[in-house]
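Open the model in your viewer and keep the sequence panel beside it. This tour goes stop by stop, with something to select at each.

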Amino acid sequence: MPDRNGETSQLSPATSLRLLQRGDQWTYQAIGTLTPPGSNPLELSGEITVSIEPDRRLGRSEWSTIVFSQQFEITQADGSRQAMPAPAWMFWFVQDEQSRDVAIAADNMTRDGSPRIARTPQVFYPGSWSAQTAYHNRLEFENGDVVENMLTVYDQERVETKQGSFASWKATISSHSAATGMIEGMDWWTPELGAPAKFSTVSKMPDGAEIRFVATLETSNVL
């Protein structure tokens, strides 16, 4: 955690993921570009709020939900700014109290936003972190959809945020599915936060549009 000078006390990143609790929240400031099919890039900026909430849709009291709420604006070629509608991404999960692994049990990453249930939950947030942390799993859903997810730690790096300076595990990530296309990026994971201190994303949508942004932690009630 940050000390009175706004810096984390450990020299190396923490190795055990926080036990996520309902009510945890992290807010990030994001900046990047949106490139529509066949067009030039447009400036994108806004805020992403990630929160841990109880399950209110599937009737599974033992599951909690990671909710990604995005509020972006696009700067048009004439300089005008326009809100970019973005649905909330929801991931129902279970966390093993011993290993700390967070496994996805369902999500709403469908074309109409309806939930889909995983046949077997798969790790989404590793519970233990080191230079060797990595996974490659195949998340199969009861409706027949499939998502390929990968994460590989390859470095350590300190991240400067408005909440302080955090020692983080730098990891490449990717997710591929027919519904959302290819999502690739990088996470600067800070296990004691239960979330990255920063993350970058490149999303290539099925229609050919591309979104790129970097999001840096602004505030969190975990600290």
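What follows is a walk through strands, cores, aromatic rings and a few single residues. Keep in mind that this is a predicted model.

**Stop 1: strands S1, S12 and S13**

Select residues 25–35 and 210–220, which are strands S1 and S13. They pair in the antiparallel sense, over ten bridges. To check the register, pick Thr27: Thr219 in S13 stands opposite.

Now add residues 195–204, strand S12. S12 and S13 run antiparallel and are joined by seven bridges. Ser200 has Val214 in S13 as its bridge partner. Next, show the turn of this hairpin, where five residues lie between S12 and S13. Gly208, in that turn, has a positive phi of about 100°.

**Stop 2: Thr35**

Stay close to that turn and select Thr35, which belongs to strand S1. Which residues does Thr35 touch beyond those up to four places away in sequence? They are Asn40, Pro41, Gly208, Ala209 and Glu210. Draw a C-alpha to C-alpha distance from Thr35 to Ala209: it is 5.7 Å, although 174 residues separate the two in sequence. Is Thr35 buried or exposed? Its relative accessible area is 19%. Buried means under 20%, so Thr35 counts as buried.

**Stop 3: the nonpolar cores**

Show side chains for Trp26, Tyr28, Leu44, Ile48, Ile66, Tyr125 and Phe213. These touch the most other members of the largest nonpolar core, which has 46 residues. Which strand gives the largest share of this core? Strand S2, residues 42–54, does, with five residues.

A second, separate core has seven residues. Select Met90, Trp92, Ala106 and Ile117, which are among them.

Go back to Tyr125 and list its contacts, leaving aside neighbours within four places in sequence. The partners are Leu17, Leu20, Ile66, Phe68, Arg100, Asp101, Val102, Trp189 and Gly194.

**Stop 4: Arg100**

Arg100 is one of those Tyr125 contacts, so select it next. Arg100 sits in the loop between strand S5 (89–95) and strand S6 (102–107). Its backbone deserves a look. Most residues other than glycine have a negative phi. The phi of Arg100 is positive, near 70°. Arg100 is partly exposed, with a relative accessible area of 23%.

**Stop 5: the aromatic rings**

Select Phe68, Phe91, Phe124, Tyr125, Trp129 and Trp189, which form one aromatic cluster. How many aromatic pairs does the model hold? The count comes to eight. Zoom in on Trp129 and Trp189: the ring centres are 5.2 Å apart and the planes are at 25°, so this pair is stacked. The pair links distant parts of the chain, 60 residues apart. Trp129 is in the loop between strand S7 (116–125) and strand S8 (134–140). Trp189 is in strand S11, residues 181–190. Both Trp129 and Trp189 are buried.

Two charged side chains over rings come next. Arg116 lies over the face of Phe141, 4.2 Å from the ring centre. Lys198 lies over the face of Trp188, 4.3 Å from the ring centre.

**Stop 6: strands S8, S9 and S10**

Select S8 together with strand S9, residues 146–161. The two run antiparallel and are joined by seven bridges. Tyr135 faces Leu151 of S9 across the pairing. Five residues lie between the strands of this hairpin, and Gly144 takes a positive phi near 100° there.

Extend the selection to strand S10, residues 164–177. S9 and S10 pair in the antiparallel sense over 13 bridges. Their hairpin has two residues between the strands. For the register, pick Glu157: its bridge partner in S10 is Ser168.

**Stop 7: Asn137**

Finish in S8, where Asn137 is found. Asn137 is buried, with a relative accessible area of 9%. Which backbone oxygen lies 3.0 Å from a polar atom of the Asn137 side chain? That of Val123. To complete the view, show Gln122, Val123, Val147, Glu148 and Asn149, the residues Asn137 contacts when neighbours within four places in sequence are left aside.

Key: Residues are numbered from 1 along each chain as its sequence is written. This is a predicted model: local features need pLDDT of at least 70, side-chain atom pairs count only at pLDDT 80 or more; totals for chains, interfaces and linings use all residues. Side-chain values use heavy atoms; hydrogens and water are left out. A nonpolar core is a set of buried Ala, Val, Leu, Ile, Met, Phe, Trp, Tyr and Cys residues joined through side-chain atoms within 4.5 Å. Buried means under 20% relative accessible area, exposed over 50%, partly exposed in between (1.4 Å probe, protein chains only). Helices (H or I, at least four residues) and strands (E, at least two) are DSSP runs, numbered from the N terminus. Contact means heavy atoms within 4.5 Å. Two strands pair if DSSP finds at least two bridges between them. Rings of Phe, Tyr and Trp (its six-membered ring) pair if their centres lie within 6.5 Å; planes under 30 degrees apart count as stacked, over 60 as edge-to-face and the rest as tilted. A charge sits over a ring if NZ of Lys or CZ of Arg is within 6 Å of the ring centre and within 35 degrees of the ring normal. A polar contact is a pair of N or O atoms within 3.5 Å; within protein, one must be able to donate a hydrogen and the other to accept it, and residues adjacent in sequence count only if both atoms are side-chain atoms.
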